[in-house]
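This report looks at a buried charged residue and at the strands and loop around it. The sequence and the model are shown first.

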Amino acid sequence: MAGVLANVGATLILKSAFNKVHASGGNNYTLKLFTNNYTPLTTSTAANFTEAAGGGYAAITLTAGSWTVSTSNVPRDAAYAQQTFTFTGALTDTAVVYGYYVVDADGVLVFAERASSTFTPATNGDTYKVTPIFTLANAS
């Protein structure tokens, strides 16, 4: 499934680009895994996602300025280097990872993607890899 730009994420991107209004917590984004059986929508907010917990899980900071913005892809996109979540065992609440979501420094949802298949960490050393890609296209 392709990633979904949340309406609240579109608003924060527009405010940042055109009004120089940025998250009070800084300019970095945070990559998180979600464990509820949910399909992201444009109307989604961060509250719609249950963040993974336990098993050595930790959200990953996506440092501002470290994205690679394409100038040749159509539609244009920004990609962050592949990130690896390494687990020490099973997750506590819900053992299944359904996808990832990205929030700004104030916890506002920017975009999310449901994975094509679920992942269940079980043992020390299990890994889950994500390459966050944000695509921006012209309206048709």
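The text below starts from one arginine and then moves to the strands, a loop tyrosine and the salt bridge.

**Arg114 and its polar partners**

The model is predicted. Arg114 sits in strand S8, which covers residues 109-119. What is the nearest side chain of opposite charge to this buried arginine? It is that of Glu113, which is 10 Å away, and Arg114 has no salt bridge. A salt bridge here requires a side-chain nitrogen of Lys or Arg within 4 Å of a carboxyl oxygen of Asp or Glu, so a distance of 10 Å does not qualify.

The side chain of Arg114 does have polar partners. One is the side chain of Asn37, in a polar contact of 2.8 Å. Another is the backbone oxygen of Tyr38, which the arginine side chain reaches at 3.1 Å.

**The strands around S8**

Several strand pairings involve S8 or its partner S7. The table lists them with their sense and bridge counts.

| Strand pair | Sense | Bridges |
|---|---|---|
| S1 (residues 4-5) and S8 | antiparallel | 2 bridges |
| S7 (residues 97-103) and S8 | antiparallel | 6 bridges |
| S2 (residues 29-34) and S7 | antiparallel | 5 bridges |

Individual residues show how these strands line up. Leu5 has Phe111 of S8 as its bridge partner. Val97 is bridged to Phe119 in S8, and Tyr101 stands opposite Ala112 in S8. In the pairing of S2 with S7, Thr30 has Val103 of S7 as its bridge partner.

S7 and S8 form a hairpin with 5 residues between the strands, and in this hairpin Gly107 takes a positive phi near 85 degrees. Is S7 itself enclosed or open? Of its 7 residues, 7 are buried, so S7 is largely enclosed by the rest of the structure.

**Tyr38 in the loop after S2**

Tyr38, whose backbone oxygen is reached by the Arg114 side chain, lies in the loop between S2 and strand S3 (60-62). Is Tyr38 buried or exposed? Its relative accessibility is 17%, and because buried means under 20%, Tyr38 counts as buried.

Leaving aside residues up to four places away in sequence, Tyr38 touches Ser44, Asn48, Phe49 and Arg114. With Ser44 there is a polar contact between the two side chains, at 2.7 Å. Tyr38 and Tyr98 are 60 residues apart in sequence, yet their C-alpha atoms are 7.6 Å apart in space.

**The salt bridge**

How many salt bridges does the model have? The count comes to 1 salt bridge. Its partners are the side chains of Glu51 and Lys32, at 3.4 Å from N to O. Glu51 lies in the loop between S2 and S3 and Lys32 lies in strand S2, so the pair ties together parts that are 19 residues apart in sequence. Glu51 is partly exposed, with a relative accessible area of 29%. Arg114, by contrast, is buried and has no salt bridge.

Note on methods: Residues numbered from 1 in each chain as written. Predicted model: local features only at pLDDT ≥ 70, side-chain atom pairs only at ≥ 80, totals over all residues. Heavy atoms only, no water. Helix = DSSP H or I, 4+ residues; strand = E, 2+ residues; numbered from the N terminus. Buried < 20%, exposed > 50% of the residue type's maximum accessible area, 1.4 Å probe, protein only. Lys, Arg positive; Asp, Glu negative; His and termini not counted. Polar contact = N/O pair within 3.5 Å; in protein donor to acceptor, adjacent residues only side chain to side chain. Pairing = 2+ DSSP bridges. Contact = heavy atoms within 4.5 Å.
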